[in-house]
Amino acid sequence: MNTPQALQLNPENSFSISSSCPAFYSPSSIEELANIAKAMDKPFYVLGAGTNTLFVNNVTPAIIHPNFHGIEVKDCGDRVLVSGQSAENWHEFVQFCLNRGYYGIENLALIPGSIGAAPVQNIGAYGVELADVLDSVSWFEFSSQTLRHFTNEQCHFGYRDSIFKHALFGKGIIVSVTLSLSKTWQPKLSYQGLAQLGADASAEQVFNQVVQLRQSKLPDPKELPNAGSFFKNPVVDEDVFNTLQQSYPDMPYYPQRNHQVKLAAGWLIDQCGLKGYRQGNVGVHQHQALVLVNYGQASGRELYQLAQYVQQQVKQKFAICLEPEVRLLDSAGLIHLTEVNN
Ligand SMILES: Cc1cc2nc3c(=O)[nH]c(=O)nc-3n(C[C@H](O)[C@H](O)[C@H](O)COP(=O)(O)OP(=O)(O)OC[C@H]3O[C@@H](n4cnc5c(N)ncnc54)[C@H](O)[C@@H]3O)c2cc1C
């Protein structure tokens with residue numbers, strides 16, 4: 001087993017928060033992982049690239065940072081099964097597939113982070129989510145020290161959700177992810193900004209357009225530390241939506257199954273006058289109300305408090321409670337965003 005090191009974590013998270021962990025393990029083989037599992041007697045957190053995690057405290061639990069690398073391809077006629085080990089970079093994986101003519105994930109270009117984290121919140125963008133192409137996940141279970149395989153159905157995917165956030169959270173590590181991709185190109189252009197490409201757009205054109213749109217809309221964490229969308233888009237019952245729509249006829253919305261409607265969290269925050277709002281070292285991005293940013297030397301606590309304030313303002317105006325998409329980690333493990341009462 002590699003020796004655990006105490007570590008300063010600010011290069012390990014896209015919010016660039018200074019936090020330290022008592023022990024940092026970076027296994028690169030199943031054998032190493034099994035040895036860590038045997039010795040682990042305290043809570044731990046699995047950290048990929050740290051682009052969806054806020055270190056709320058200046059100390060975290062022990063960190064396990066998978067270091068499994070490699071991509072394998074299995075030809076299955078008109079489809080291919082492409083497996084990526086968990087430490088591979090998601091965007092480079094998308095490029096790898098595109099270059100070889102394996103199609104289905106172009107719309108997910110430029111999402112930061114590791115392959116291992118992608119199934120955890122079922123990453124999605126521009127009308128596609130991981131669940132659309134996922135074949136299976138290999139997951140190492142700490143208690144049995146065995147590798148288990150989960151089919152797409154067994155992952156219980158939902159909107160920014162999966163079994164890895166619930167029943168399996170804290171019990172193991174995703175080691176690799178296998179996608180089923182097509183050798184036949186079929187563009188998915190339903191999303192605003194892509195339709196203009198036209199039905200004969202090539203995979204490279206869609207990929208480039210997604211990259212360009214994302215670069216023009218979202219702040220680069222290297223220049224302005226952030227974790228993308230801080231909150232999930234709330235899904236409400238139709239009757240709640242109908243009442244709100246009477247007061248806000250211009251409110252954007254996306255009908256869902258089961259008489260539910262998804263609202264745009266960024267729009268709700270913007271309507272509270274919070275776009276560009278700043279509290280000392282932290283703020284709501286001036287163009288993207290859904291993105292909270294660290295302007296410099298912010299602590300995780302300051303970002304947490306800003307998130308509470310945003311949540312409170314939206315609740316007061318719309319009676320809707322925004323839930324964070326970002327994982328909030330303190331010294332003992334994940335925490336919730338608690339509501340501030342007036
Ligand atoms: C600028 C920006 C834009 C973004 N845009 C999008 C977007 O369009 N769509 C989208 O869905 N997300 C988006 N995100 C969020 C982020 O990119 C994804 O959530 C990504 O999958 C996180 O990967 P990570 O390796 O950094 O995860 P981390 O932050 O390291 O971890 C996230 C969660 O996954 C768990 N985890 C990580 N690796 C493993 C593993 N191997 N096994 C088990 N659990 C694991 C962690 O414990 C944690 O709960 C964006 C983020 C940024 C900074």
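Arg 214 is buried, yet this residue has no salt bridge in the predicted model. The nearest side chain of opposite charge belongs to Glu 325, and it is 8.6 Å away. Since a salt bridge here requires a nitrogen within 4 Å of a carboxyl oxygen, that pair does not qualify. Arg 214 is found in helix α3. What does Arg 214 touch, leaving aside residues up to four places away in sequence? Its contacts are Ala 109, Leu 110, Ile 111, Pro 112, Ala 125 and Tyr 126.

Two of those neighbours are worth a second look. Ile 111 is among the members of a core of 45 residues, along with Ile 115, Val 137 and Leu 213. Tyr 126 lies in the loop between β8 (124–125) and β9 (128–129). Its phi is near 50°, a positive value in a residue other than glycine. Most residues other than glycine have a negative phi. Is Tyr 126 buried or exposed? Tyr 126 counts as buried because its relative accessibility is 9%.

Gln 145 can be read alongside Tyr 126. Phi of Gln 145 is near 50°, again a positive value in a residue that is not glycine. Gln 145 sits in the loop between β10 (134–141) and β11 (146–151). With a relative accessible area of 29%, Gln 145 is partly exposed.

**Domains and the annotated span**

Let us step back to the whole chain, which is divided into domain 1 (5–64), domain 2 (71–216) and domain 3 (222–335). The centres of domain 2 and domain 3, taken over C-alpha atoms, are separated by 25 Å. How many residues of domain 2 are in contact with domain 3? Five residues of domain 2 are in contact with six residues of domain 3.

An unreviewed UniProt entry places the feature "domain: FAD-binding PCMH-type" at residues 17–184. That span is 12% helix and 34% strand, and its end C-alpha atoms lie 43 Å apart.

Gly 198 has its place in the loop between β12 (172–182) and α3 (203–217). Gly 198 counts as partly exposed, at 22% relative accessibility. The C-alpha atoms of Gly 198 and Thr 60 are separated by 48 Å, with the two residues 138 places apart along the chain.

**The largest nonpolar core**

In soluble globular proteins, nonpolar side chains tend to be buried together. The largest nonpolar core of this model has 47 residues. Which of its members touch the most other members? They are Leu 54, Phe 230, Phe 231, Ile 269 and Phe 318. Several strands and helices each supply at least two residues of this core, among them β2 (20–25), β4 (53–55), α4 (238–247), α5 (265–271) and α6 (300–318). Helix α6 gives the largest share, seven residues. By domain, the core draws at least three residues from each of domain 1 and domain 3.

Phe 318 gives a closer view of this core. Not counting residues up to four places away in sequence, Phe 318 touches Leu 244, Tyr 248, Trp 267, Leu 268, Gln 271 and Cys 272. Apart from the largest core lies the core of 45 residues that includes Ile 111.

**Salt bridges**

While Arg 214 has none, the count for the model comes to seven salt bridges. Three of them are set out here.

| Pair | Closest N to O distance |
|---|---|
| Lys 232 and Glu 323 | 3.6 Å |
| Asp 270 and Lys 275 | 3.3 Å |
| Lys 315 and Glu 339 | 2.8 Å |

The pair of Lys 232 and Glu 323 links distant parts of the chain, 91 residues apart. Lys 232 lies in the loop between β13 (226–229) and β14 (235–237), and Glu 323 in the loop between α6 and β20. Lys 232 is buried, with a relative accessible area of 16%, whereas Glu 323 counts as partly exposed at 47%.

In the bridge between Asp 270 and Lys 275, Asp 270 is partly exposed at 28% relative accessibility. Its partner Lys 275 is partly exposed too, with a relative accessible area of 35%.

The bridge between Lys 315 and Glu 339 also links distant parts of the chain, 24 residues apart. Lys 315 is in helix α6, while Glu 339 is in the segment after β21 (334–335). Lys 315 is partly exposed at 34%, and Glu 339 is partly exposed at 38% relative accessibility.

Key. Residues numbered from 1 in each chain as written. Predicted model: local features only at pLDDT ≥ 70, side-chain atom pairs only at ≥ 80, totals over all residues. Heavy atoms only, no water. UniProt positions renumbered as here; feature names shortened; annotations may be inferred. Helix = DSSP H or I, 4+ residues; strand = E, 2+ residues; numbered from the N terminus. Buried < 20%, exposed > 50% of the residue type's maximum accessible area, 1.4 Å probe, protein only. Core = buried A, V, L, I, M, F, W, Y, C linked by side-chain atoms within 4.5 Å. Domains from an automatic or database assignment. Contact = heavy atoms within 4.5 Å. Lys, Arg positive; Asp, Glu negative; His and termini not counted.
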